[in-house]
There are 4 protein chains.
Amino acid sequence: MTGEKKLTRREREKLRQKEEILDAALDLFCERGFQNVSMLEIAKKSEFAVGTLYKFFNDKEDLYRTLMLEQSNKFHEALNKAINETDNEIDKLKNFVKTKSRIFMENAKLIRLYFAETKGASYNIKAGLDKEIRDRHKKFLERIAKIFESGIKKGIFKNIAEPYHLAIALDGICNAFLFSWLENPEKNKFMEEGNYQFILNILFKGLINE
Amino acid sequence: MTGEKKLTRREREKLRQKEEILDAALDLFCERGFQNVSMLEIAKKSEFAVGTLYKFFNDKEDLYRTLMLEQSNKFHEALNKAINETDNEIDKLKNFVKTKSRIFMENAKLIRLYFAETKGASYNIKAGLDKEIRDRHKKFLERIAKIFESGIKKGIFKNIAEPYHLAIALDGICNAFLFSWLENPEKNKFMEEGNYQFILNILFKGLINE
Amino acid sequence: MTGEKKLTRREREKLRQKEEILDAALDLFCERGFQNVSMLEIAKKSEFAVGTLYKFFNDKEDLYRTLMLEQSNKFHEALNKAINETDNEIDKLKNFVKTKSRIFMENAKLIRLYFAETKGASYNIKAGLDKEIRDRHKKFLERIAKIFESGIKKGIFKNIAEPYHLAIALDGICNAFLFSWLENPEKNKFMEEGNYQFILNILFKGLINE
Amino acid sequence: MTGEKKLTRREREKLRQKEEILDAALDLFCERGFQNVSMLEIAKKSEFAVGTLYKFFNDKEDLYRTLMLEQSNKFHEALNKAINETDNEIDKLKNFVKTKSRIFMENAKLIRLYFAETKGASYNIKAGLDKEIRDRHKKFLERIAKIFESGIKKGIFKNIAEPYHLAIALDGICNAFLFSWLENPEKNKFMEEGNYQFILNILFKGLINE
DNA sequence: TATGAATGAGCGTTCATTCAT
DNA sequence: GATGAATGAACGCTCATTCAT
């Protein structure tokens with residue numbers, strides 16, 4: 001699909017500017033949340049005029065929604081890449097946990113914002129940013145479920161629960177540990193190679209067929 | 001101490017009014033979040049004048065903090081009761097999951113608010129409501145850890161991970177399933193007796209010593 | 001006029017209570033001004049209920065007006081006494097300056113409030129407290145003028161200006177020095193016996209070298 | 001430096017608008033005092049939106065402080081000019097009294113406000129507007145004192161008191177007469193050429209008949 | 001009669017959004 | 001197209017005053 005790339009110089013310039021705005025907004029929203037950041041601040045930080053922001057986004061919520069979906073995309077791309085790098089089901093899960101851990105640690109503040117919007121209550125956005133992100137997350141969980149399903153078929157995993165439920169469980173355990181680590185002052189040490197492994201152990205001890 | 005209960009009629013009246021305000025505020029905050037509810041709305045809904053709200057609470061944040069801590073108390077009391085009703089480790093965990101599930105389903109909207117403040121990013125409250133609630137949660141997880149520890153000692157559980165990690169994992173799996181159910185239109189059927197059991201199974205399959 | 005004194009116990013009690021309120025209010029108003037003191041604070045300080053204040057005074061302004069007129073009375077009584085203690089014109093003026101100085105130094109904060117209401121702009125009081133106090137002050141200046149007049153007749157003073165103008169001038173010089181001293185950290189030393197004398201000297205000694 | 005005058009059209013426009021706001025505020029504050037004027041009223045009167053006021057001033061106090069200092073500047077400039085127009089000490093003092101009288105009569109209401117802030121009690125302004133204005137006034141009095149000092153050296157004046165005290169006295173006599181005139185319905189006649197002269201006479205002629 | 005809980009108008013201030021330039 | 005000055009609705013909060021007890 002080369003057609004998608006055929007942007008005029010003008011269009012490329014606009015996209016670049018839009019990204020600059022989103023970058024500035026990301027920092028500010030992460031630091032202080034949706035409500036405590038003003039359009040003027042985003043304008044100042046991105047070095048555009050306030051009116052210019054409204055050329056790119058309909059309103060503050062549109063800017064925020066775009067930002068969150070973009071970040072969500074980035075994360076899901078990384079996660080999808082992680083589970084597609086190998087054919088081995090166990091390695092796929094290892095890669096998932098490893099990548100999710102990295103994303104958490106590298107984007108701690110954004111992750112909190114992200115959870116406030118999805119797990120937590122999203123009151124910022126009138127029209128369903130939360131739903132969009134949750135649907136995307138659900139689809140990703142289904143991909144994880146496929147890994148379990150395939151692993152069960154191959155006899156790598158015991159059939160202890162429905163694959164989708166296993167996906168939910170794995171994701172939930174990950175989140176639980178990662179949030180626990182986020183609050184831990186020594187969180188960096190958890191990112192040493194191999195340490196995240198033990199998240200899997202809890203699930204695998206009962207799951208793996210030996 | 002029966003003396004503590006000896007409130008004058010006036011004091012009882014004040015407490016009742018305070019609860020009425022908190023009730024009204026609970027509904028509104030659950031519906032729209034901290035920032036999108038005005039003191040005037042709380043006043044209108046609770047049928048008091050705006051000024052009266054400030055007789056009971058120093059400011060809007062004080063009202064919110066009081067509300068959240070009160071609800072947090074209620075939940076933790078129920079959970080503590082649940083794990084103290086029996087001496088059997090497996091039953092304790094069952095009761096925990098059962099009670100946590102009930103709380104989730106009965107207070108869905110509040111739970112979202114609660115997560116926005118703790119797991120998610122809390123920008124509403126200047127002085128650490130989030131920390132207070134997280135500390136409380138951590139302490140509760142330590143109680144769950146004790147159950148695992150004691151179960152491991154008795155040989156009921158395999159020693160597959162540190163007790164506190166097991167507590168984090170169990171709590172994380174619960175949250176994951178419960179949020180999944182919250183989004184499910186058929187969520188009520190999950191509350192039928194016994195259904196929540198399979199949350200435990202995922203952990204127990206690898207954990208239980210057979 | 002013994003009739004005025006025939007107050008019942010009830011009436012005497014009420015007067016005493018009114019004074020207690022005024023005393024409390026005096027301290028607060030001196031410290032923070034009319035606008036920055038609330039009726040609740042006056043109630044707390046005087047140990048009455050807020051509603052009780054409204055039994056004694058129609059509103060906050062009435063309380064303030066009563067207070068200021070009462071203080072104004074006190075000052076004018078002291079000043080009138082001062083100029084009536086002797087028949088000698090020069091001693092009358094000395095006593096006036098001496099007494100006015102004492103009043104300033106002993107009631108510095110109140111004096112400022114008083115000036116804000118009379119010389120300065122009085123926006124606190126809807127209906128002419130300032131006028132009432134200014135009229136009273138004018139009448140007092142006329143008494144001072146009589147002293148100059150009488151002194152001129154007796155040949156004690158040169159007839160350099162109308163007596164009322166001399167009164168204005170003397171009062172103005174006093175105020176100027178007293179305010180200057182109020183701002184001076186060593187103000188207390190000015191109250192040593194005799195020091196105030198030199199306020200008079202400026203008026204008494206001719207300045208121009210002929 | 002002509003460069004200082006090189007303001008862009010935009011900057012000149014802004015200055016003009018700021019002055020319009022200050023003009024409107026001056027009228028209102030003079031009429032009703034700081035506390036009894038709302039930002040909405042200033043906005044209405046100056047024909048700007050409330051928000052616009054906050055582009056020019058940080059808050060209500062900033063607006064007030066700016067206004068008072070600006071007026072204070074204007075007065076002190078006029079007074080300094082008056083005492084620098086001639087080298088003759090007596091003429092300097094004449095010019096001072098003449099100019100001060102004119103300022104009083106032309107800005108009667110503002111003068112009251114000004115006195116409420118300096119002589120009277122200033123509770124409006126958190127951070128020392130009163131001190132700033134008083135310091136400025138003190139410095140001006142020192143300039144007047146220099147005139148007396150120089151006049152004494154030249155033998156024009158008798159050395160009847162310290163020069164600074166003479167300055168205080170002259171200023172005080174002026175204020176006393178001017179306030180007296182302010183209250184007089186025929187005040188305008190006092191401004192006829194030469195009439196203010198007799199303020200000086202009181203100081204200049206020796207009073208006591210020896 | 002004295003109380004103090006309750007009231008609600010009114011304030012200072014903010015900030016998303018618009019639109020003339 | 002880009003700008004940023006101008007807007008004004010809406011907020012959190014205060015406090016003089018009232019009135020049921």
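The legends below describe close-up views of a predicted model, covering the surroundings of DNA strand E and two protein interfaces. In this predicted model, local features need pLDDT of at least 70 and side-chain atom pairs count only at pLDDT 80 or more, while totals for chains, interfaces and linings use all residues. Residues are numbered from 1 along each chain as its sequence is written, chains are lettered from A and ligands numbered from 1 in the order in which they are written, and side-chain values use heavy atoms, with hydrogens and water left out.

**View 1. Protein surface near DNA strand E.** Of the 29 residues around DNA strand E (a residue is near if one of its heavy atoms lies within 4 Å of the strand), those that come nearest are Met39(A), Gln17(B), Thr52(C), Tyr54(D) and Lys60(D). By class, this surface divides into 13 nonpolar, eight polar and eight charged residues, where Ala, Val, Leu, Ile, Met, Phe, Trp, Tyr, Cys and Pro count as nonpolar, Asp, Glu, Lys and Arg as charged, and the others, Gly among them, as polar. Helix H3 (50-56) of chain A, of chain B, of chain C and of chain D, together with helix H1 (9-32) of chain B, each supply at least two of its residues; helices are DSSP runs (H or I, at least four residues), numbered from the N terminus.

**View 2. Phosphate oxygens of DNA strand E.** Sugar or phosphate accounts for 61% of the strand E atoms within 4 Å of the protein, and bases for the rest. A polar side-chain atom of Lys60(A) lies 3.0 Å from a phosphate oxygen of the strand. In chain B, a backbone N or O atom of Ala49(B) lies 2.8 Å from a phosphate oxygen, and a side-chain N or O atom of Thr52(B) is 2.8 Å from a phosphate oxygen.

**View 3. Interface of chain A and chain B.** The contact (heavy atoms within 4.5 Å) takes 37 residues from chain A and 36 residues from chain B. About 3,000 Å² is buried between these chains, 67% of it from carbon and sulfur atoms; buried area is the accessible area (1.4 Å probe) that two parts lose on being put together, summed over both.

**View 4. Interface of chain C and chain D.** Here 45 residues of chain C and 46 residues of chain D take part in the contact, and the two chains bury about 4,200 Å² between them, with 66% on carbon and sulfur atoms. Among the elements on the chain C side, H8(C) gives the most, with 10 residues. That side has 26 nonpolar, 11 polar and eight charged residues.

Terms used. A polar contact is a pair of N or O atoms within 3.5 Å; within protein, one must be able to donate a hydrogen and the other to accept it, and residues adjacent in sequence count only if both atoms are side-chain atoms.
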